[in-house]
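Me: I would like to learn how to read charge pairs and ring pairs in a protein model. Please take them in turn.

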Amino acid sequence: ATIGDIVAKIFPYILTLSGFLLFIFLTSAGLDYMLASGDPKKMEAAKEKLTAAIIGFIIVFTAFWIFQIINYIFGLK
């Protein structure tokens, strides 16, 4: 098996795991924000957690599309 085959087999699992982790982090950030009780430091920490989760999702989503574009350009399976 080549490296491409290994990546192609693992990639769907990575996407599934990243989607699950995104859900967990978004839920956690939302709960942290709601439970901050108006404390500016806690609210800022929750906003940072939310921002990090969204940036992570954008990175994974971009990697997925780059992977798809490379597959299309080179005619890979």
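What follows is a short dialogue on these two features.

Reply: This is a predicted model, in which local features need pLDDT of at least 70 and side-chain atom pairs count only at pLDDT 80 or more, while totals for chains, interfaces and linings use all residues. Residues are numbered from 1 along each chain as its sequence is written, and side-chain values use heavy atoms, with hydrogens and water left out.

Me: How many salt bridges does a search of the whole structure find?

Reply: Side chains of opposite charge can pair when their charged atoms come close. A salt bridge here is a side-chain nitrogen of Lys or Arg within 4 Å of a carboxyl oxygen of Asp or Glu. The search of the whole structure gives 1. K49 pairs with D32, and their closest N and O atoms are 2.7 Å apart.

Me: Which helices hold K49 and D32?

Reply: K49 lies in helix α2 (residues 40-74) and D32 in helix α1 (residues 3-34), so the salt bridge ties together parts 17 residues apart in sequence. Helices are DSSP runs (H or I, at least four residues), numbered from the N terminus.

Me: What describes a pair of rings?

Reply: An aromatic pair is described by the distance of the centres and the angle of the planes. Rings of Phe, Tyr and Trp (its six-membered ring) pair if their centres lie within 6.5 Å; planes under 30 degrees apart are stacked, over 60 edge-to-face, and the rest tilted. The whole structure has 5 aromatic pairs. One of them is F57 and F61, with centres 5.9 Å apart and planes at 25°, so this pair is stacked.

Conventions
Helix = DSSP H or I, 4+ residues; strand = E, 2+ residues; numbered from the N terminus.
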